[in-house]
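Reader: Hi! I would like to take a close look at one part of this protein and then see what surrounds it. Could you walk me through it slowly?

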Amino acid sequence: MVYYTLNLYVKVGKLLDNITLIGMPGSGKSTVGVLLAKLLGYQFLDVDLLIQEREGALLQEILDSRGTSAFLDAEEAAVLSLNCRRTVIAPGGSAVCREGAALHLRELGPVVYLQVSLEELTRRIQNMATRGIAMEPGQTLADVMAFRDPLYRKYSDLTVDYPSGQELAQTAQAVREQLEALGR
């Protein structure tokens with residue numbers, strides 16, 4: 001078996017030691033992340049699972065019992081605890097809401113924004129009330145996207161469009177190709 005390893009510096013001066021995928025809930029960070037990790041021979045880390053393990057509760061339980069601010073604190077603490085190598089990291093969509101977390105992800109390696117349209121996100125997310133999305137009461141997915149999109153752009157090194165109907169493997173390959181192109 002041959003593993004392809006991306007081991008070069010990108011133009012932003014970062015070794016492709018870790019790759020972080022950011023984006024809205026439902027953008028495919030975890031599913032694309034697993035495929036990308038396989039393509040590169042890397043490990044995969046889902047920060048939402050790390051939060052649940054550290055806090056001893058499901059994401060939605062943390063939000064319901066402690067509120068959005070406490071959830072964001074727990075998420076930031078989980079992100080700040082990351083010290084990994086050769087890993088594709090999928091943080092929660094709200095990781096960019098805390099500057100410390102977002103900057104730490106950038107320190108770990110290139111950050112890729114998986115951009116998905118609001119219409120596609122609305123189609124994909126059927127369980128808004130139980131999914132564990134950090135949003136205030138009364139906010140809509142459109143409100144969350146309007147707030148976070150500028151943050152995703154600010155903290156990412158590149159943006160990869162993930163259009164409706166595109167296969168997961170195609171998106172993972174697109175991320176790999178864009179990272180390679182960035183390194184040239």
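Reader: Let me start with one residue: does arginine 86 count as buried, partly exposed or exposed, and why? After that, please take me through the strands and helices around that part.

Author: Happy to! Please keep in mind that this is a predicted model. Arginine 86 has a relative accessibility of 31%. Buried would need a value under 20% and exposed one over 50%, so arginine 86 counts as partly exposed. You will find arginine 86 in the loop between α4 and β3. Its backbone is worth a look too: arginine 86 is not a glycine, yet its phi is positive, about 50°.

Let us go on to the strands. β3 covers residues 87–90 and is joined to β1 by three bridges, with the two strands running parallel. One pair to find on screen is isoleucine 19 with its bridge partner in β3, valine 88. β3 also pairs with β2, again in the parallel sense, over four bridges. Here glutamine 43 has threonine 87 of β3 as its bridge partner.

β1 has a further partner in β4 (residues 111–115), and three bridges hold this parallel pair. In that pair, leucine 21 is matched with valine 112 of β4. What about the surroundings of β1? Five of the five residues in β1 (residues 18–22) are buried, so this strand is largely enclosed by the rest of the structure. In a regular strand, side chains alternate between the two faces of the sheet. You can follow this in β1, where Asn18, Thr20 and Ile22 point one way while Ile19 and Leu21 point the other way, all of them buried.

Now put the strands together. They form an open sheet of five strands in the order β2-β3-β1-β4-β5, with parallel pairing. β2 (43–46) and β5 (158–161) are at the edges and have a single partner strand each, so one side of each has no neighbour in the sheet. On average, neighbouring strands in this sheet are turned by 25° against each other, if direction is ignored.

Next come the helices. Helix α2 (residues 47–55) packs on the sheet and touches β2 and β3, and its direction makes about 55° with that of β2. Two packed helices are described by the angle between their axes and the distance between the axes. For α2 and helix α4 (residues 68–80), the axes come within 9 Å and cross at roughly 110°. That makes α2 roughly perpendicular to α4. On the α2 side, the contact is made by Val47, Asp48, Leu50, Ile51, Arg54 and Glu55, and on the α4 side by Ala74, Glu75, Ala77, Ala78 and Val79. Sorted by kind, the residues of this contact are seven nonpolar, no polar and four charged.

Between these two helices in the sequence lies helix α3 (residues 59–66), with Leu59, Gln60, Ile62 and Leu63 as its buried residues. Looking down the axis of α3, you would see the buried residues fall within an arc of 160°, so they line one face of the helix. Among the elements covering these buried residues are α2 and α4. Turn to the face of α3 that points away from the buried side, and you meet the exposed residues Asp64 and Ser65. After α3 comes glycine 67, with a positive phi near 95°. So now you have a route to retrace on screen, from arginine 86 in its loop between α4 and β3, through the strands of the open sheet, to the helices.

Methods
Residues are numbered from 1 along each chain as its sequence is written. This is a predicted model: local features need pLDDT of at least 70, side-chain atom pairs count only at pLDDT 80 or more; totals for chains, interfaces and linings use all residues. Side-chain values use heavy atoms; hydrogens and water are left out. Buried means under 20% relative accessible area, exposed over 50%, partly exposed in between (1.4 Å probe, protein chains only). Two strands pair if DSSP finds at least two bridges between them. Axes are lines fitted to C-alpha atoms, for helices over the stretch in contact, and angles run from 0 to 180 degrees between N-to-C directions. Contact means heavy atoms within 4.5 Å. Angles under 35 degrees count as roughly parallel, over 145 as roughly antiparallel, 65 to 115 as roughly perpendicular and the rest as oblique. Ala, Val, Leu, Ile, Met, Phe, Trp, Tyr, Cys and Pro count as nonpolar, Asp, Glu, Lys and Arg as charged, and the others, Gly among them, as polar. The arc is that of the directions from the helix axis to the C-beta atoms.
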